[in-house]
Amino acid sequence: MSINQSGWRPAMTAAGDAAPSLTFTGNRALMLEEALIFEIGDSETTGVDLADTLVGEDRLAGLARATPIGLPGLSEPETVRHYTRLSRQNYAIDLGLFPLGSCTMKHNPRLNEKVARLPGFADVHPLAPVDTVQGALGVINELAVWLIKLTGMHGVAMSPKAGAHGELCGILCIKAALEKRGEGHRKVILVPESAHGTNPATAAFAGFTVEDIPATPDGRVDTDALKARLGPDVAAVMITNPNTCGLFERDLKAISDAVHAAGGYVYCDGANFNAIVGRVRPGDLGVDAMHINLHKTFSTPHGGGGPGSGPVVLSKALSPFGPLPFTARMADGHIQLIEEETAGDDHPDTFGRMTAFHGQMGMFTRALTYILSHGADGLKQVAEDAVLNANYVLRSLEDVLDAPFAGAGPCMHEALFSDANLADGFSTLDVAKGLIDEGFHPMTVYFPLVVHGAMLVEPTETESKAALDQFIGALRSVAERAKAGDPALKSAPHFAPRARLDETLAARKPVLVWKERPAA
Ligand SMILES: *Cc1c(COP(=O)(O)O)cnc(C)c1O
């Protein structure tokens, strides 16, 4: 990195931003520019000072690296600063409201972290003898009992490691159950149009054919169309409740009865359980399998690819097909881990296993901490407050943003808006980018697909009225600019380190390997 003669170098400008920033460094106050680690470090230098190794016997059996590894050499402070600077360019739930609909980005109580870090939980090994880890297994078992109680179901598979993984587990249970009945020919899974993309992906991955079920004008599953499609080739329906339009599927019980009568199973996508936890038991609605995103409903940190956990609750009909291993409390209070070797003839129908070991221990610990610190009454209030907050957002903004289903009554845990009344040439993307300048992570955009230019806002219960008011004020201001056709909004964000990146190109042709830039 060199500076020109005058000692001033033209700083980086955000794409579309005509005004260069006027600082020598390119930094904007405490928002620091940061180059790639390969640009600041170089492979000729090293940050560590290792003594020459004694020449000994080569134990790499010809596998020794033939070419230099090419890592940039940086000192410890340089390395620490690099990653700390990058981390400051992240948005996080610990910085502010995270309105991503369908993601349930709620505050993760610090108590969760404290408990998860206790050595008896954090340092256990999955192969430790069962007698030495009774406490940790007890956590898994107690959480399982809570999940079964809260959902009114018969059993639970704890090991799936994310919502989508849980979907796969549930669908594999359904597949095994159909095969056992000699009805492996049922190959169709019905999925409503508004479903999360993981639903059809799961069904297809498990070898089923996906058929869409349309939505009604009020944003719910078209029950008549669904019932009309049922038949001897239908294996299951996958339905999200509350659905991704933020609405409760009131007909789910009637749908389940019809699906069962036609010989199929009901998979419920339970990612939105936060809106109904403690108030509705999916088991009462005839659900056969439902994943619970522990990392959404029961806090536990997520986002940025962090760990998830997606236990699947199962009906009596599907429980025998659930995966191994699982925990069971014996009559003497001892917790046993039911594995292949111990399962014997007691679990002949299990479809196999989803993971090598028990699942995400750290997430189990956090989720159980969250559940126990809230208690049954507290969990019910979580759902009520999440719904109240979403309705506050919906009613506060429906005069400025089109809210396609607002006329049909209250929403559940998320408020859905569309781009219908923005100025010509202005889109949902412009509103999202404008929100970044206001210091917020954008809401979920262009999902669900059934609403044109969808903006899905899920505030969760952890936001105060003051925080909601600030967010509502920001979104109102940006929406008004989009309605008035403010040209500056088209190039927003103006205050972020980078502005409009070509996200499609980045997704389709990601550059994941750094190459030395040709010398200038
Ligand atoms: C988050 C989500 C999923 C997928 O869950 P992951 O844990 O991200 O795999 C599935 N369906 C809906 C409706 C979701 O919101």
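## Charges, fold and a few odd spots in a predicted model

Start with the charges: the chain carries 44 positive and 61 negative side chains, and the centres of these two sets sit 2 Å apart. Everything described here comes from a predicted model. Side chains of opposite charge can pair when their charged atoms come close. In this structure, that pairing shows up as 26 salt bridges, and a handful of them are picked out further down.

First, the overall build. The chain folds into 16 helices and 12 strands. Its radius of gyration is 26 Å, close to the 24 Å that the globule rule gives for 520 residues, so the chain is as compact as a globular protein of that length. Laid along the principal axes, the C-alpha atoms fill a box of roughly 80 × 75 × 45 Å. Of the 520 residues, 47% count as buried. The accessible surface adds up to about 25,600 Å², and carbon and sulfur atoms own 58% of that area. As for who touches whom, take the contacts with a separation of 6 or more: 70% of them are between residues 24 or more positions apart.

Back to the salt bridges. One of them joins Arg-229 and Glu-211, whose closest N and O atoms are 2.7 Å apart. Arg-229 belongs to helix α8 (residues 223-229) and Glu-211 to strand β3 (residues 209-213), so this pair ties together parts that are 18 residues apart in sequence. Neither partner has to be hunted for in the interior: Arg-229 is partly exposed, with a relative accessible area of 24%, and Glu-211 is also partly exposed, at 27%.

Two further pairs can be looked up in the model. Arg-181 and Glu-183 meet through their side chains in a salt bridge, at 3.2 Å from N to O. Arg-181 is partly exposed, with a relative accessible area of 35%. Then there is Arg-281, which bridges to Asp-284 at 3.1 Å, again N to O. Here Arg-281 has a relative accessible area of 40% and is partly exposed, while Asp-284 comes out at 42%, partly exposed as well. Salt bridges can also join up into a network, and Glu-113, Arg-117 and Arg-366 are linked in that way.

Next comes a glycine. Gly-434 lies in helix α13 (residues 428-437). With a relative accessible area of 1%, Gly-434 is buried. Who keeps it company? Setting aside the neighbours within four places in sequence, Gly-434 is in contact with Val-478, Leu-489 and Ala-492. Gln-360 is another matter: Gly-434 and Gln-360 are separated by 74 residues in sequence and by 37 Å in space, C-alpha to C-alpha.

Ala-492, one of those contacts of Gly-434, turns up again in the backbone. The peptide bond from Ala-492 to Pro-493 is cis, with omega near 5°. Pro-493 itself sits in the loop between α15 (487-490) and α16 (503-508). A cis bond is also found from Phe-447 to Pro-448, this time with omega near 0°. Pro-448 has its place in a loop too, between β11 (444-445) and β12 (455-457).

Finally, two residues have a positive phi without being glycine. For Ala-29, phi is about 50°, and for Ser-102 the value is near 75°. Where do they sit? Ala-29 is in the segment before α1 (37-40), whereas Ser-102 is in the loop between α2 (76-88) and α3 (110-116). Are they buried or exposed? Ala-29 is exposed, with a relative accessible area of 67%. Ser-102, on the other hand, is buried, with a relative accessible area of 6%.

Terms used. Residues are numbered from 1 along each chain as its sequence is written. Side-chain values use heavy atoms; hydrogens and water are left out. Helices (H or I, at least four residues) and strands (E, at least two) are DSSP runs, numbered from the N terminus. The radius of gyration is taken over C-alpha atoms; the globule rule is 2.2 Å times the number of residues to the power 0.38. Buried means under 20% relative accessible area, exposed over 50%, partly exposed in between (1.4 Å probe, protein chains only). Contact means heavy atoms within 4.5 Å. Accessible areas come from the Shrake-Rupley method with a 1.4 Å probe; for residues, only the protein chains shown count as cover. Lys and Arg count as positive and Asp and Glu as negative; His and the chain ends are not counted. The place of a charge is taken as NZ of Lys, CZ of Arg, CG of Asp or CD of Glu. A salt bridge is a side-chain nitrogen of Lys or Arg within 4 Å of a carboxyl oxygen of Asp or Glu.
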